[in-house]
Amino acid sequence: MAPTQEELLYKALSHLPRPRYPFSNRVSQHIDNLALEYYQWIDADCDFRSRSARSAYKRHRLSDIAARAFPSLTLEELRPVARFTSSLAILDDFLDKADLGELEQVCHRTTTLLRGLDENRPDYAGFFRQVYLVRQDALACGMPLHLYEHFVDAIAGLLMGYGAEKQHNAVDTAPSLNAYIKLRRQTSGGLCYAKYLCMQKNYRLLPDNVLQHSTILRMHELASLLIGYHNDFISLPKELARGGDVVNLVMVVQREFELGTLPQAWGRALAIHNDTLREFTRLQENLPDFGPWHQTATEYARDLGVMVQGVYAWHTNKTGRYVPGAHQEYEKREWSTQPGLTEGESYSFEKPLNPAYEKLPPSHLSIVDFTSCMSCMSFASMQSPGGSEVSQRDDADVADTFDFDVTRIFGNNNIIEPEVRDFERRMLYPCLFCSCLVLALIILLPVGSKAWSLSDTASLSESAQTFPEEFGRTYHAYHAGSYPFPNDVAEQDRLKLQSACFKHLLGNKLYFAPLSRAKPPLRIMDVATGLGDWAIEMGDMFPESIIVGTDLSPIQPDEVPPNVHFYVEDACTVGCWGSFRTQIAQQAIASLEPGGWFESQEIDGNICCDDETLDSNGALAQYFGDLVTASEQMNRPAILAAILKESYEAAGFVDVHQIPLKMPIGGWAKDSRLKSIGLAWQANLFEGLGGFAYQLFNRVFDRSSEETEVCAG
């Protein structure tokens with residue numbers, strides 16, 4: 001049998017160069033389970049298609065696109081975007097036989113269901129029922145409403161772009177390159193994916209000043225273009241063979257630049273793709289400073305690249321969709337049998353002014369009012385008795401320590417000025433009890449002192465790495481039960497955010513002790529190192545010093561500076577000790593060489609209010625009050641910052657300096673930097689409420705995890 005035109009085109013174009021990406025190629029562990037659900041969706045809501053067509057869609061495994069683009073999502077979080085992907089891909093095929101009026105009806109019905117303006121579940125088979133379930137699944141897995149709205153806006157733009165493409169196809173004339181680029185941004189589906197990426201990891205916590213920043217929005221556009229471009233390369237043989245599809249980068253370039261051959265147009269189109277890729281990677285590597293959100297924003301930008309790579313991997317993974325004869329043509333009779341569409345109606349694509357979100361149950365985050373809250377932290381540095389060159393502070397390279405001007409940030413009375421608002425302004429300053437306390441033990445030895453041996457250690461045992469699970473969270477295994485907070489991935493993500501908040505509040509200062517880079521300390525110890533980020537940064541800053549970080553949980557990275565070492569050890573840090581004075585301060589001074597410095601950065605676990613307007617019977621006060629009570633009864637006191645100075649002086653330290661600071665919670669501060677910090681700290685608080693309390697409330701009050709969640713909610 002002679003090959004078809006489509007087969008000849010696939011063969012002729014197969015040797016041409018393809019796009020290549022520098023991004024990680026990952027696959028969700030849920031890919032097969034998601035595919036099983038996808039098969040059920042096809043059987044349930046594609047019964048208007050023939051059996052052969054349904055079989056073809058199953059071979060295509062459209063759900064795999066989502067599983068490759070979002071490899072870190074849970075199955076529940078994957079479900080909405082997989083439904084969107086599969087239903088919109090089938091819709092795209094379906095609309096080939098629809099005229100503009102019918103397309104308008106489909107777009108209106110789709111956006112009505114997605115926005116919840118019609119809350120009735122469609123009782124007929126078809127992609128509208130899948131569209132309805134996209135909304136239900138997205139809200140069920142906890143997608144914040146404002147982020148869901150951005151996702152739906154992108155879908156609405158995609159559907160409008162379909163209509164514009166149809167007009168070009170109808171006259172069989174490719175658009176100009178500029179018009180094409182505008183269309184492809186809308187219709188590739190990449191913008192929808194970029195908006196949904198916020199559901200991965202902890203990106204949903206990113207505030208609007210990050211997700212809506214011009215750089216991030218430009219990266220969304222570029223990611224969408226890259227997805228659209230590589231789809232055009234892959235689908236070109238099919239579109240050339242079928243005819244009627246002219247909105248393709250290669251065809252557009254051939255017409256725009258009057259190129260004589262298809263390979264010439266292909267090469268020019270690939271150059272456009274590569275220019276777009278270079279701009280995308282340049283923005284990835286040069287993000288603006290997002291303050292405490294910078295690390296999370298950097299990971300988000302990196303995962304935008306993973307998303308692009310994932311979609312491309314599906315396109316090139318022999319899915320059966322891009323091979324000769326794979327396209328599923330719709331007969332007009334199949335279109336006409338679709339229920340729910342009426343003739344003669346006029347529809348508008350304008351976004352409704354009131355999308356009726358008020359009908360939805362309120363988010364659990366609204367239970368506690370954080371319109372103008374703060375937490376308090378205390379930083380103390382002190383010196384052990386005895387002389388040292390550093391203590392004289394005559395070294396020209398000594399860091400500008402102990403000159404931290406609180407008035408530059410908070411004003412003369414250490415008060416944060418609130419932004420003026422129309423509603424009643426309540427000055428709440430609750431102190432947050434948090435799990436990642438930076439407790440830095442800094443040991444300075446004069447040159448020539450006996451070296452510090454690290455040989456008295458043992459290999460990490462398997463038991464220390466087998467974390468016990470309780471309340472759906474994992475906890476440290478070494479000296480299990482000493483520390484009441486979790487150590488799982490969710491907690492680690494929270495710790496990253498919390499550490500960034502500390503650092504941003506302090507103007508990126510890592511310490512206040514007068515350390516000299518010209519005469520660096522021989523040894524620095526970070527007690528309760530957590531993720532090890534402070535120790536790693538100190539290792540980079542003092543490459544000649546030995547940096548040791550200890551923690552109950554081995555959750556630190558493997559790739560660290562050569563002078564940084566991590567060990568599993570019980571340091572009796574906050575939440576793990578009965579007496580800070582005897583178990584921390586006295587042991588610290590006994591361990592230090594004369595002239596050495598010890599610095600701790602701690603947070604009080606109490607709540608207070610400058611103008612005494614905090615409701616003592618409210619949910620916020622009750623939660624933190626219970627947390628303090630439970631900590632005390634477990635002999636793990638949460639009140640710490642207030643006793644730092646007297647504890648160190650009683651232990652024998654001299655030259656003790658204490659700097660009390662306030663951490664805003666929420667975006668109420670007038671100062672833009674404090675507003676950003678406050679939003680990040682509020683997100684940190686919300687992420688930690690359950691983890692802070694599960695063990696403490698269970699051990700002391702005999703509360704179940706469900707009861708604790710109600711209290712923390």
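## The nonpolar cores

In this predicted model, the largest nonpolar core takes in 117 residues, and Phe 70, Phe 84, Tyr 193 and Met 307 are the ones with the most contacts inside it. Helix H25 (residues 672-701) supplies the largest share of this core, with 12 residues. There's also a second, separate core, made up of 24 residues, and Leu 225, Phe 233, Leu 249 and Leu 259 are among them.

Back to Met 307: which residues does it touch once neighbours within four places in sequence are left aside? The list runs Ala 69, Phe 70, Gly 190, Tyr 193, Ala 194, Ala 223 and Ile 227. Two of the names there, Phe 70 and Tyr 193, are also on the list of residues with the most contacts inside the largest core.

## H20 against H25

Helix H25 also has a packing partner in H20 (residues 489-505): the two sit at an angle of about 150 degrees, with their axes 9 Å apart. As for handedness, H20 passes H25 in a left-handed crossing.

On the H20 side, the residues that meet H25 are Arg 494, Leu 497, Gln 498, Cys 501, Phe 502, His 504 and Leu 505. Their counterparts in H25 include Arg 673, Leu 674, Ile 677, Trp 681, Glu 687 and Phe 692.

## H2 and its buried face

Helix H2 covers residues 31-45, and its length checks out: at 1.5 Å a residue, its 15 residues should span 21 Å, and the end C-alpha atoms are indeed 21 Å apart. Its buried residues are Ile 31, Leu 34, Ala 35, Glu 37, Tyr 38, Trp 41, Ile 42 and Asp 45. Looking down the axis of H2, these buried residues fall within an arc of 165 degrees, so they line one face of the helix.

That spacing has a simple background: an α-helix has 3.6 residues a turn, so residues three or four places apart point the same way.

## A buried serine in H12

Ser 235 belongs to helix H12 (residues 214-242). Is Ser 235 buried or exposed? It's buried, because its relative accessible area is just 1%. Its C-alpha atom is separated by 8.7 Å from that of Asn 248, which is 13 residues away along the chain.

## Two positive phi values

Asn 508 isn't a glycine, yet its phi is positive, near 70 degrees. You'll find Asn 508 in the loop between H20 and strand S6 (523-527), and at 49% relative accessibility it counts as partly exposed.

Ala 528 is another non-glycine with a positive phi, about 60 degrees. Ala 528 is in the loop between S6 and helix H21 (533-541), and with a relative accessible area of 17% it is buried.

Conventions: Residues numbered from 1 in each chain as written. Predicted model: local features only at pLDDT ≥ 70, side-chain atom pairs only at ≥ 80, totals over all residues. Heavy atoms only, no water. Helix = DSSP H or I, 4+ residues; strand = E, 2+ residues; numbered from the N terminus. Expected span 1.5 Å × (residues − 1). Buried < 20%, exposed > 50% of the residue type's maximum accessible area, 1.4 Å probe, protein only. Arc of directions from axis to C-beta. Core = buried A, V, L, I, M, F, W, Y, C linked by side-chain atoms within 4.5 Å. Contact = heavy atoms within 4.5 Å. Axes fitted to C-alpha atoms, helices over the stretch in contact; angles between N-to-C directions. Left-handed = near helix turned anticlockwise from the far one by under 90°.
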